[in-house]
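Me: I'd like to learn how to read a structure like this one feature at a time. Can you walk me through it?

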Amino acid sequence: MAAAIEYKNISKSYGSNVVLKDFSLTLEKGEFITIIGSSGCGKTTILKMVNGLISPDSGDILINGRSIRNQDLIRLRRGIGYAIQGSVLFPHMTVEQNISYVPNLINKKEKQKTRTAVSKWLQTVGLDEELKERYPSELSGGQQQRVGIARALAASPEILLMDEPFGAVDEITRGQLQIELRQIYEETRITILFVTHDISEALKLGTRVLVMDQGKILQYGSPEELLCNPSTPFVKQLVHKTRRT
Ligand SMILES: Nc1ncnc2c1ncn2[C@@H]1O[C@H](COP(=O)(O)OP(=O)(O)OP(=O)(O)O)[C@@H](O)[C@H]1O
Ligand SMILES: [Mg+2]
């Protein structure tokens with residue numbers, strides 16, 4: 001079986017700033033991969049390479065065994081959910097229109113099917129059906145974040161990219177969103193790449209954790225491996241932060 005995502009000898013620089021150098025990593029299908037590392041180490045870069053928002057200078061990325069080089073990027077993106085921090089909803093569209101945006105692109109004629117799906121996704125992310133008609137500005141930060149996740153899931157993607165999706169919400173909402181996301185993962189078993197600054201979140205949600213520093217992989221392993229067998233003093237210090245809290 002092909003891996004979900006393969007980074008093959010990726011290099012990426014901005015001027016003299018080398019972000020990734022000969023970065024290689026294979027991510028198996030159905031894993032919940034959490035990504036953690038200091039600011040500027042390349043987390044967003046590796047996420048955006050999956051849906052072609054950033055292209056490598058050299059090397060290749062394979063999605064389901066196929067290089068993204070010769071693929072129609074718009075089509076590729078429709079099969080990959082993308083949720084990022086803060087409100088990225090279309091402000092002039094209602095909640096329902098936001099969630100059904102991609103499904104409507106894919107099957108224009110099946111309006112009823114899409115409507116039913118919107119209700120399902122609202123329920124999945126713990127939102128009341130009556131919020132459907134509201135605009136993003138009429139929602140709380142946590143509600144907007146949930147709509148963002150519902151929208152990312154609505155196209156039934158095989159891969160879900162999440163860039164610090166819970167960074168801007170309060171602790172209680174964050175805890176609830178973590179539980180909901182983990183449930184969605186258990187039910188769908190889609191491949192998830194989830195960037196976070198919070199090591200407890202990384203260890204709690206991930207089936208695999210990727211620890212990066214300055215564009216390099218320090219460790220890629222299960223939460224247990226990181227805790228019991230940290231690869232470097234940096235990883236050891238990082239995971240021990242959670243033990244004290
Ligand atoms: N368009 C750009 N032009 C120039 N430099 C960039 C650009 N995008 C990113 N960078 C630089 O590339 C490096 C990696 O950026 P990236 O966004 O991947 O970091 P990150 O790990 O996601 O950081 P953070 O945790 O702060 O979000 C940083 O040094 C950043 O300044
Ligand atoms: Mg980032």
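Reply: Sure, and keep in mind that this is a predicted model. Let's begin with a helix: α6 has 13 residues, and from its first C-alpha to its last it reaches 19 Å, close to the 18 Å expected at 1.5 Å a residue.

Me: And how much of α6 is buried?

Reply: The idea is to count residues under 20% relative accessible area. Eleven of the 13 residues in α6 are buried, so the helix is largely enclosed by the rest of the structure. They are G142, Q144, Q145, R146, V147, G148, I149, A150, R151, A152 and L153.

Me: Which elements do the buried residues of α6 pack against?

Reply: Here you look for heavy atoms within 4.5 Å. For the buried residues of α6, the partners are β6 (80-84), α3 (95-99), α5, β7 and α7.

Me: Let's follow that to α7. What span should its 18 residues have?

Reply: Same recipe. Helix α7 covers residues 171-188, and at 1.5 Å a residue it should span 26 Å; the end C-alpha atoms are 26 Å apart, which agrees.

Me: Which residues of α7 are buried?

Reply: T173, R174, L177, Q178, E180, L181, I184 and Y185 are the buried ones. They pack against β3 (32-37), α5 (111-124), α6 (141-153), β7 (159-163), β8 (191-195) and α8 (199-205).

Me: What should I look for at the ends of α7?

Reply: Try side-chain to backbone pairs at the start and backbone torsions just past the end. At the start of α7, a side-chain oxygen of D170 comes to within 3.1 Å of the backbone nitrogen of I172. After the helix comes R189, with a positive phi near 55°.

Me: Where is R189 found, and is it buried or exposed?

Reply: R189 is in the loop between α7 and β8. Its relative accessibility is 42%, so it counts as partly exposed.

Me: What does R189 touch?

Reply: For contacts, you set aside residues up to four places away in sequence, and on that basis R189 touches G30 and I184. There is also a polar contact of 2.9 Å between the side chains of R189 and E186. Sequence distance can be misleading here: R189 and F32 are 157 residues apart along the chain, but their C-alpha atoms are separated by 8.3 Å.

Me: Which other residue should I check for a positive phi?

Reply: Have a look at N64. Its phi is near 50°, a positive value in a residue other than glycine. N64 sits in the loop between β4 (58-63) and β5 (66-67). At 32% relative accessibility, N64 counts as partly exposed.

Me: How do I read a buried polar side chain, then?

Reply: Check the accessibility, then hunt for a polar partner. T34, in strand β3, is buried, with a relative accessible area of 0%. A polar atom of the T34 side chain lies 2.9 Å from the backbone oxygen of A202. Leaving aside neighbours within four places in sequence, T34 is in contact with F194, A202, L205, G206, R208, V209 and L210.

Me: What about T114: which helix is it in, and what does it touch?

Reply: T114 lies in helix α5 and is buried, with a relative accessible area of 5%. Not counting residues up to four places away in sequence, T114 touches S100, P103, N104 and N107.

Me: Now the ligand. Which residues are around ligand 1?

Reply: Start with the shell: Y14, N17, V19, S39, G40, C41, G42, K43, T44, T45, E164 and H197. By character, the shell residues divide into three nonpolar, seven polar and two charged.

Me: Which elements supply at least two residues of that shell?

Reply: β2 (17-27) and α1 (43-50) each do. The largest share, three residues, comes from α1.

Me: Which polar side chains should I look at around ligand 1?

Reply: Search for N or O pairs between protein and ligand. A polar side-chain atom of S39 lies 2.5 Å from an oxygen atom of ligand 1. For T45, an N or O atom in the side chain is 2.5 Å from a ligand 1 oxygen, and for H197 the corresponding distance is 3.3 Å. As for cover, ligand 1 taken alone exposes 640 Å², and the protein buries 60% of that.

Key: Residues numbered from 1 in each chain as written. Chains lettered and ligands numbered in written order. Predicted model: local features only at pLDDT ≥ 70, side-chain atom pairs only at ≥ 80, totals over all residues. Heavy atoms only, no water. Helix = DSSP H or I, 4+ residues; strand = E, 2+ residues; numbered from the N terminus. Expected span 1.5 Å × (residues − 1). Buried < 20%, exposed > 50% of the residue type's maximum accessible area, 1.4 Å probe, protein only. Polar contact = N/O pair within 3.5 Å; in protein donor to acceptor, adjacent residues only side chain to side chain. Near = heavy atom within 4 Å. Areas by Shrake-Rupley, 256 points an atom, 1.4 Å probe, with all protein chains shown as cover. Nonpolar A, V, L, I, M, F, W, Y, C, P; charged D, E, K, R; others polar.
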